[in-house]
Amino acid sequence: GGRGEWGGCGKRVGFWASSFDMGPKGFPRRPPVMPYWETHGDAAFGGSVAVTGVTLVNWTSPTDACGNLNVALSTNPTSTDAIVPVVVSGLKRDGNTVSNPATLYMSNPDPGYVNPTDCSGMDCTGILNTAFVDADGSLVGAGTGMASMVLPFNQPLLSTAPDCSFNSALNAYLCPASAGWDQLAFESTDPDSYTRRVAPINMTQINGGSSGNSSTLGVAHQLLSPFMDRRWDAGYTSLLRMSRFMAMVRSGPAAGVIDVGFPGTPPRSMRFRLRRQGSVLPGAPDAAGEGVLVKIRFTSPQTHEIRVGDVKVIPTATEVALGDTAGAAWWHNPSRTLVFVVRGDVDVTFKTLDSVQVSLKLATTVSDFYDKGGTQTFISNVAYSLGIPASRIRIVDVRGSARRRRLGRRLAAAEGVEVDFAIVEEEPESPPPAPPTPPFPPPAPEGTASPPPSPPPPPPCFLPRG
């Protein structure tokens, strides 16, 4: 579609990149309610959008005679919390009726939302963490077949990206497919997700460029806001904001660890998902390199349970790498840091468990410790001594330590092993499955007549009151 021949003034956009609302919204919309393109409720966690085989007609200028925006594709300025990346392919233009500046424009956050009843004291950052994915060069590649990504004007995140360039006409950064940008969605799944504020979140990632050249290293950094307040309480805003976040991050070998910094105590349970729209591009990091390492620092020693979908993964005491499977996790006890892998467009969740933290020093060497069964033998011995299942014991760290022993009247240093472990609460047993309900009435034995149906119950007897 396009502007047609109408000469009036007003903002016109052919396609708004937006979010999937969790709340219902009537259609068509009539005055005085909001226009149909304005968002209504909290944005959903997932979703995907593709624009394929569309022909643009009569998009000649990015503005009308009154200076209003007139473009074929743009990001929805009212979708402040989350915008699903849009994969574009096979886009066509009708002759000379379409100009490149009128094809695409990335909206900026609306400063009018910076107030206590909407985005609070900062811009809502969801609108800055999305992308148009040009799968075949038909959107911004001038038909060259070169795949790329178009990201909003998120200067703190992209100004240090060595392989991205700013395009003022689009109000966007253009990045090659090899840069490996994807959208990381994460949220608090605690019961107080709306009432306890865990933002702004300080997101930091080492930025090595698509070549991984150490000489181009920079730090990609941004602050993330929670969702806008979209609830009402007797005609007033509720001041409840969902602790759900969207962030564009680099995935693949050129990416550094993503440090998710909370201003206070992190949530006890969270969900993460890496949306892989950028992975469809030729030249993007392949499946072996796709993924991210996420790091979260806690304020005290913790024990965590990781799940990938419904599969439980127990964090290890050894460092994990980007090539490990989704959910592979490492707990670094001295710094109280959890590091885990998110990849494959699947949900990775973690839950903090109630536990007893124990540190035990053994009079042995590190090599002897592992030669005699290592952590498995240690867990079996502790479980036998305490009379508890071995599944309740989690190894946190194993390290060599110097200890001192007395030789006559002097002390001598000797090698030892220090094992940090946790004892988690016992999981409740699942109730046994209920026996199948027999059919009623029971079928008659084979070869016999079925019993006559039961007579109807007598009518109820009602007694008069007092």
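How many disulfides does the structure hold? The structure holds two disulfides, a disulfide being a pair of cysteine sulfur atoms within 2.5 Å. A disulfide is a covalent bond between the sulfur atoms of two cysteines. The legends below start with the whole chain and then move in.

**View 1. The whole protein, a predicted model with three helices and 28 strands.** This is a predicted model in which local features need pLDDT of at least 70, side-chain atom pairs count only at pLDDT 80 or more, and totals for chains, interfaces and linings use all residues. Residues are numbered from 1 along each chain as its sequence is written, and side-chain values use heavy atoms, leaving out hydrogens and water. Helices (H or I, at least four residues) and strands (E, at least two) are DSSP runs, numbered from the N terminus. The protein has 466 residues, and 45% of them count as buried. Buried means under 20% relative accessible area, exposed over 50%, and partly exposed in between (1.4 Å probe, protein chains only). The protein exposes about 24100 Å², an area from the Shrake-Rupley method with a 1.4 Å probe; for residues, only the protein chains shown count as cover. Carbon and sulfur atoms supply 57% of that area. A contact means heavy atoms within 4.5 Å. Of the contacts between residues at least 6 apart in sequence, 71% join residues at least 24 apart.

**View 2. The disulfide of C119 and C124.** The two sulfur atoms are 2.0 Å apart. Which hand does this disulfide have? The torsion about its S-S bond is about -110°, so the disulfide is left-handed. C119 is buried, at 4% relative accessibility. C124 is buried too, with a relative accessible area of 4%.

**View 3. The disulfide of C164 and C175.** Here the sulfur atoms are 2.1 Å apart. The S-S bond has a torsion of 120°, and the link is right-handed. C164 lies in the loop between helix 1 (155-158) and strand 10 (165-167), while C175 lies in strand 11 (residues 172-176), so the pair ties together parts that are 11 residues apart in sequence. C164 is buried at 12% relative accessible area. C175 is buried at 1%.

**View 4. An open sheet of three strands.** Strands of a sheet pair through backbone hydrogen bonds, either parallel or antiparallel. This sheet runs in the order 1-4-7, with parallel pairing. Two strands pair if DSSP finds at least two bridges between them. Why is one side of strand 1 and of strand 7 left without a neighbour in the sheet? Strand 1 (12-17) and strand 7 (104-105) stand at the edges because each has a single partner strand. Strand 1 pairs with strand 4 (residues 70-75) over five bridges. In one of them, F15 has L73 of strand 4 as its bridge partner.

**View 5. S193 and its surroundings.** S193 sits in the loop between strand 12 (181-188) and strand 13 (201-207). S193 is buried, at 9% relative accessibility. Beyond its neighbours within four places in sequence, S193 is in contact with S188, R241, M242 and S243. A polar atom of the S193 side chain lies 3.4 Å from the backbone oxygen of S188.

**View 6. Confidence along the chain.** pLDDT is the predictor's confidence in each residue, from 0 to 100. The mean pLDDT of the protein is 78, and 78% of its residues reach 70 or more. Residues 1-6 stay under 50, with 13 contacts beyond four places in sequence. Residues 438-446 are also below 50; this stretch has three contacts beyond near neighbours in sequence.

Conventions
Polar contact = N/O pair within 3.5 Å; in protein donor to acceptor, adjacent residues only side chain to side chain.
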